[in-house]
Each structure stands twice: as structure tokens, then as C-alpha cells.
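Welcome! Shall we get to know a new structure together, one question at a time?

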Amino acid sequence: MHVLPGVPKVSRVSTSSVPRPEPAAPSHLAGPFDLPRIARRGTPEGAVPALALFAAVRLTGILAVILTNALRGRPLLRTLAHSWDSRWYLHIAAEGYGHKIWLTSQGAVQTDWAFFPLYPALIRALGTVLPLTPGQAALLVAWLAAGVAAYGVYAVGHLLYGRGVATALVGLWAVMPHAVELTIAYTESLFAALAVWSLYCVLKGRWLWAGALAALAGLARPSGFAVAGAVVLAAGYEVWRRRGRVTWRLWAGAVLAPLGFLGYVLWVGTQVGDLFGGYFTVQSAWASRFDFGVGSARFVKALLLHGGGVVYTVALLVVAAGVLLFALLCLDRAPLVLVAFAGILILLVVAGSGSFSSKPRFLLPAFPLLVPMARALARTWRVRPAQAVLVYGALTLVSLTFGAYVTAVAHSPL
């Protein structure tokens, strides 16, 4: 082998942190209902340690809540299964819709139609086939969905950035300040699982699966249309990029994506007697509306002038950090579908009204916001592992402490 003068010899090139290219052509003819490739080929490299880390952190978080309840003389699992919105979901699972209302101190009539049906339907189904109480079934659904979501976060990170960043991404998602709400009887873990895998299918070009999962996400939470919007935008970009020469599966996936959200909104409209505006009337009783940020600005002004509790201060910091991380995600030139999904959720949080203490929870599924941090943490781990461990340990301690406080001590809405 001859080496040109003046050109250094390269003995080895590391590609561990470089996105791995896809094969030029599939090894088989893909059918319209083929499973995503990850489901056919097994677990991606390094997934098991990353999922073990996620499980260990979140299990410790559950134990922290149980210990806090014990110290306060409360039932050990009650705040996990019966907090705030959990009680609405459990009632819907047991009795169906149209049987529960709540009158606020301002005279607003809150009804169970504000809550989307997929989570209570799964609770009821699980409680039918297994000897579980509704609360136990709700927790089991949430915990299983959290694991599926974490696996999806790893799969997306591994596909785009490799094993190190994927592990850091899952680890950071496990220690978000409000990550405890992934393991209580709320819809965040279920919605995140559906959203993450829908985005993964877009990245892999599995448009029918992407649309179907987005439709299910739209039946889980109002923010489900963020998944639908991301899928439709990504499909539109693909049509533009390929000048219309795309498969019918892409069109079908784009059509499927918003059907879950739209279907439930229209169904509520028929119950209220206002097909297109009924659902939004129901939501207005919860002071939940899109007001272009007026409510958020008023809250920030009041907090700065008069102060507030720990929960509201942390909520403001989390939302501000989310906006900053979104800007970094855009500068990082992440795939359009991830940017669109995170951006729509940020827009809903900043430009929507409602209880500010709940806004960080709405950002829990927005895992793409953590990509810049994950890449930085992975780089730090390679050159200064002790510093990476110190940073991650501090984030874990904050997450576990705040999670136990907000769930078992604070009286602010989750």
C-alpha cells in the first residue's frame, strides 16, 4: 500500500456517533401492513441497558412517592392512582361518559367529555380480563406504556445518532422534572408511546403505521393532533421533495393521522349539540383555550410581581427551558417530523391558557427537545465520564425529589 507524501496515515475511523446510513434498497418487497423493521429484527444494540436505566430511575421515583405517602400517613399508592385527572379516567372506565360533572367555584360546569377515551377504554378492558381494580389497571397500563415509550425513544435516538446518544436520550427523558407523571394514572405515558412510535415510523417511511399510531394518539389526549400535524407536515414535505412521486401509503397515512382526534371532537360535538364547537365549549369550562399566549403572559407577570409556590416557579422554568431547547433542536437540524412534533407541543403550552402547573406535563412527550442535551451528555461521557455521572446524578436527584413533592405533597393541579 502506497501513502501519498504529506498525507497522514489513518489507521481507524470511528463511526459510533455518526448516523448510520440506510441500505439503498430494501431486501424484500414491503407490503402495506408490514411491521416496522425494528419489530421484525429485534432489539437494537444497547437498548437493554438503556431501558434498565429508565426502569431503575422510574421505579425509584415510584418508591419515593410511596415513602412520602407513608411519612405523611396516607395510603401508599393512592396518589399514584387517584390524583386529579386520574379520578375522571377511572370514573369513565367504570361508568362510561355522561355520568360525572363538577361545578367550580366560578360556576363553570366541568364534564367528563373533556377526557379522551383510549386510556379509560384500556383500563376497562384490562380490568375485565384480569382480577384488578380500576386503579391497579390504570397503573399497569401507564407503566407498560412508559416502557414502550422509552423503547421508542431509544429506537429513534439509535436510528439517528447511534447508541451513545440514544442511551443519553432515554436517561434524560427518565429524569425530566415531571417524569413522575409517566408512572401515575395519567395519559402521558400512553400518549408518548403512540407518539414516539408514530414518529419512528415516519423516519423509516412506514406511513400506514405512522398514520394509524397518530390516529390512536389522537384518541388518547387533546394534544394528539400534534402527532397528526407532524405526520401530515412530514408527508407534505416528502411529496414536495419527490415532486408528487410518492406511494399511496404516504397519502393514506396522512389521511389516517388526524382521524382519531377529529373523530372524538366531532362525537363530543354531537353530545353537546354543537358539532364543530361543542368540544371547545366543554374545554372552556376548564379554562383551556388557545389565546395566543395572553393567559401565559398574565401568569408570568403575576408570578414575577407577587411570587408563587415551588410548583409554579418550577413550571415556569421548565417551559422556558423547553423554548430554549426547541431553538437548539432547530439549530441542530433535526428531522422535520421531530421538529414539528416538539414545536406544536411548545406552541400549545406557550399560547394556550389553563393551569400553568400542568404545562410541564404537556411537554413530557416532547422527547425531541432533549436531543441537544443528549448529544452533549454523550460527548461529555466519552471524554469526562465522571462529570457526566455527576451531572446526571444531580438531575436524577432533582427529578425524584420534585416528583415526590408534586405528587404526594403539593396541592397544585398535576
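Here are some questions and answers about the model above.

Me: What kind of model is this, and how are residues numbered?
Reply: This is a predicted model, in which local features need pLDDT of at least 70 and side-chain atom pairs count only at pLDDT 80 or more, while totals for chains, interfaces and linings use all residues. Side-chain values use heavy atoms, without hydrogens and water, and residues are numbered from 1 along each chain as its sequence is written.

Me: How many helices and strands does the protein have?
Reply: Helices (H or I, at least four residues) and strands (E, at least two) are DSSP runs, numbered from the N terminus. On that basis the protein has two strands and 19 helices.

Me: Is Ser189, in helix H8 (residues 188–204), buried or exposed?
Reply: Buried means under 20% relative accessible area and exposed over 50%, with partly exposed in between (1.4 Å probe, protein chains only). Ser189 has 1% relative accessibility, so Ser189 counts as buried.

Me: Which residues of helix H14 (residues 294–306) are buried?
Reply: The buried residues lie on the same side of H14, because they cover an arc of only 60° around the axis (taken from the directions from the helix axis to the C-beta atoms). They are Ser296, Phe299 and Leu303.

Me: Which helices do the buried residues of H14 pack against?
Reply: Contact means heavy atoms within 4.5 Å. The partners of the buried residues of H14 are helix H15 (310–331), helix H16 (336–351) and helix H17 (359–362).
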